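Q: Got a minute to walk through this structure with me? I'd like to start at the surface and work inward.

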Amino acid sequence: MAGKAVAKKPTLRSVSDLLSKARPQIESVATKAISAERLIKVALLAMSKNQLILDCSKESLVLCLMESAQLGVEPNGRDAALVPYYNKKTGAYEAQFQMMYCGQVKLIVRGSEYRHIEAVAVYENDDFSYAKGLTPSLVHRPSLDADAGPLTHVYMIARPSDSRTPTELHPFE
């Protein structure tokens, strides 16, 4: 009686070979911000830390790296990530490219007049107030207590290259 053929698990080596073959495709969409060689090395490091990424379809892995190359951000877990999702329709894992906060900031700084962007978390025990209108203001004094309480707000400061004064304050509740 013939048994079922067991699918061979992809190895880091086999995926490395796949990405080497896909390198011309990746280079064709890459920006000056990152080389295809560096992108592949960073992606392989991420894959070595998460076996599920190795189990993803080859097509989805290549597409993720092409998207990463096109945006000029590394899939290093800080700028962007390769996230494995199980597709019930195909019965297989597929990689999805996900931009992270640090990558978004890099893209904004790289392509605009801003030299510094910072997101700040506000906790329940912080002294925090803001006002909109003709003279907007924001005051935030972080709590020095070990337990600052739960997160209540997040705001962003964007500093233009030609000034030290933030131009926009965006509190989010």
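**Surface patch, then cores**

A: Sure. This is a predicted model. On its surface, Y123, L151 and V154 form a nonpolar patch, with about 240 Å² of accessible area together.

Q: Which strand is L151 in?

A: L151 lies in β6, residues 151-160.

Q: OK, now the inside. Which residues touch the most other members of the largest nonpolar core?

A: V15, L19, I26, M47, L61, L65 and L82 do, out of 26 residues in that core. Two or more residues each come from α1, α3, α4, α5, β1 and β2.

Q: Is there another core, and what is in it?

A: Another core, of five residues, lies apart from the largest one. Among its residues are V120, V122, Y155 and I157.

Q: Back to L65. What does L65 touch?

A: Leaving out residues up to four places away in sequence, L65 touches L19, I26, L39, A43, P75 and L82.

Q: And α5, how many residues has it?

A: Helix α5 has 14 residues, 58-71. From first C-alpha to last it reaches 20 Å, close to the 20 Å expected at 1.5 Å a residue.

Q: Which residues of α5 are buried?

A: S60, L61, V62, C64, L65, M66, S68 and A69.

Q: What do those buried residues pack against?

A: They pack against helices α1 (12-21), α2 (23-29), α3 (36-49) and α4 (51-54), plus strands β1 (80-87) and β2 (92-99).

Q: What comes just after α5?

A: G72, with a positive phi of about 75°.

Conventions:
Residues are numbered from 1 along each chain as its sequence is written. This is a predicted model: local features need pLDDT of at least 70, side-chain atom pairs count only at pLDDT 80 or more; totals for chains, interfaces and linings use all residues. Side-chain values use heavy atoms; hydrogens and water are left out. Helices (H or I, at least four residues) and strands (E, at least two) are DSSP runs, numbered from the N terminus. The expected span of a helix is 1.5 Å times one less than its number of residues. Buried means under 20% relative accessible area, exposed over 50%, partly exposed in between (1.4 Å probe, protein chains only). Contact means heavy atoms within 4.5 Å. Patches are made of residues with over 30% relative accessible area and no salt bridge: like charges are joined within 9 Å, nonpolar side chains (Val, Leu, Ile, Met, Phe, Trp, Tyr) within 5 Å. Accessible areas come from the Shrake-Rupley method with a 1.4 Å probe; for residues, only the protein chains shown count as cover. A salt bridge is a side-chain nitrogen of Lys or Arg within 4 Å of a carboxyl oxygen of Asp or Glu. A nonpolar core is a set of buried Ala, Val, Leu, Ile, Met, Phe, Trp, Tyr and Cys residues joined through side-chain atoms within 4.5 Å.
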